[in-house]
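Open the model in your viewer and keep the selection panel at hand. The stops below say what to pick and what is there.

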Amino acid sequence: MAAATAVHPSYAQNSPQDYLTPHNNARAAVGVGPVTWSTKLQQFAESYAAQRAGDCRLQHSGGPYGENIFWGSTGADHYAKKHFCAAGKVCGHYTQVVWRATTSIGCARVVCRDNRGVFIICNYETRGNIVGQKPY
């Protein structure tokens with residue numbers, strides 16, 4: 001029973017609103033409309049997060065959606081959020097969050113096996129970070 005529980009996303013502080021609020025705050029700060037929650041994207045994220053629960057590797061899914069992934073220690077309750085893009089820095093996580101054409105997100109979180117950290121994934125539709133296009 002414990003092994004089965006370990007691969008399912010943890011729902012403590014993991015409601016859709018916990019993801020929507022910071023995304024929509026960042027989007028509002030640059031004048032971009034809000035995103036909504038997608039159960040289709042949530043299910044995709046949950047499936048992939050379950051695959052990463054064994055190794056907690058920061059590896060993208062290669063799926064058809066835009067994607068941000070994150071790893072952090074299990075001891076931290078809150079993680080730093082990127083709210084801006086510094087000049088001359090790679091900032092694909094931030095630009096995906098504020099990508100104007102993105103209308104929906106779905107995210108998931110798992111605690112990795114042997115308490116090796118927390119893996120978080122958010123998927124985005126329409127995907128962002130298209131070469132030659134500006135985020136907003």
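## The whole chain

Start with everything selected and coloured by secondary structure. The chain holds four helices and four strands. This is a predicted model. From the N terminus onward, the elements follow the pattern α-α-β-α-β-α-β-β.

Switch to a surface view. About 7700 Å² is exposed, and carbon and sulfur atoms supply 57% of that area. Of the 136 residues, 40% count as buried.

Now turn to a contact map, if your viewer draws one. Take the contacts with a separation of 6 or more: residues 24 or more positions apart account for 73% of them.

## The sheet

Select the strands. In what order do the four strands of the open sheet lie? The order is S1-S3-S4-S2, and the pairing is mixed. S1 (36-37) and S2 (66-72) are at the edges. Each has a single partner strand, so one side of each has no neighbour in the sheet.

Begin at the S1 edge. S1 runs parallel to S3 (residues 104-111), and two bridges join them. Pick Trp37 to see one pairing: its bridge partner in S3 is Ile105.

Add helix H2, residues 16-29. H2 packs on the sheet and touches S1, S3 and S4 (118-125). The direction of H2 makes about 125 degrees with that of S3.

Next, step across to S3 and S4. These two pair in the antiparallel sense, over eight bridges. Select Val110 and look across to S4, where Phe119 stands opposite. Then follow the hairpin of S3 and S4, which has six residues between the strands. Stop at Asp114 in this hairpin: its phi is positive, near 60 degrees.

Finish the sheet at the other edge. Seven bridges join S2 to S4, and the two strands run antiparallel. Gly72 has Val118 of S4 as its bridge partner.

Is S4 mostly covered or mostly open? S4 is mostly covered, with seven of its eight residues buried.

## The nonpolar cores

Before selecting, one background point. In soluble globular proteins, nonpolar side chains tend to be buried together.

Show side chains for Tyr19, Val97, Val98, Ile105, Cys107, Cys122 and Tyr124. These have the most contacts inside the largest nonpolar core, which has 14 residues. H2, H4, S3 and S4 each supply at least two residues of this core. Which element gives the most? S4 does, with four residues.

Zoom in on Tyr124. Beyond residues up to four places away in sequence, Tyr124 touches a long list, including His23, Leu41, Tyr65, Gln96, Val97, Thr102 and Ile105. Also among them are Gly66, Glu67 and Asn68.

Now hide that set and display Ala49, Cys56, Phe119 and Ile121. They belong to a second, separate core of 11 residues. You met Phe119 earlier, opposite Val110.

## Asn68

Select Asn68, in strand S2. Is Asn68 buried or exposed? Its relative accessible area is 10%, so Asn68 counts as buried, the cut-off being under 20%.

Look for its polar partner. A polar atom of the Asn68 side chain lies 3.2 Å from the backbone oxygen of His93. Then expand the selection to contacts. Leaving aside neighbours within four places in sequence, Asn68 is in contact with Gly92, His93, Gln96 and Val97, and with Ile120, Ile121, Cys122 and Tyr124.

## Thr95

Move to helix H4, residues 92-97, and pick Thr95. Thr95 has 13% relative accessibility and therefore counts as buried.

What does the side chain of Thr95 make a polar contact with? The partner is the side chain of Asn129, at 2.4 Å. Not counting residues up to four places away in sequence, Thr95 touches Asn129 and Pro135.

## Gly33

For the last stop, go to the loop between H2 and S1 and select Gly33. Gly33 is partly exposed, because its relative accessibility is 35%, and that class lies between 20% and 50%.

Draw a distance line from Gly33 to Arg100. Their C-alpha atoms are separated by 7.3 Å, although the two are 67 residues apart along the chain.

Note on methods
Residues are numbered from 1 along each chain as its sequence is written. This is a predicted model: local features need pLDDT of at least 70, side-chain atom pairs count only at pLDDT 80 or more; totals for chains, interfaces and linings use all residues. Side-chain values use heavy atoms; hydrogens and water are left out. Two strands pair if DSSP finds at least two bridges between them. Contact means heavy atoms within 4.5 Å. Axes are lines fitted to C-alpha atoms, for helices over the stretch in contact, and angles run from 0 to 180 degrees between N-to-C directions. Buried means under 20% relative accessible area, exposed over 50%, partly exposed in between (1.4 Å probe, protein chains only). A polar contact is a pair of N or O atoms within 3.5 Å; within protein, one must be able to donate a hydrogen and the other to accept it, and residues adjacent in sequence count only if both atoms are side-chain atoms. A nonpolar core is a set of buried Ala, Val, Leu, Ile, Met, Phe, Trp, Tyr and Cys residues joined through side-chain atoms within 4.5 Å. Accessible areas come from the Shrake-Rupley method with a 1.4 Å probe; for residues, only the protein chains shown count as cover.
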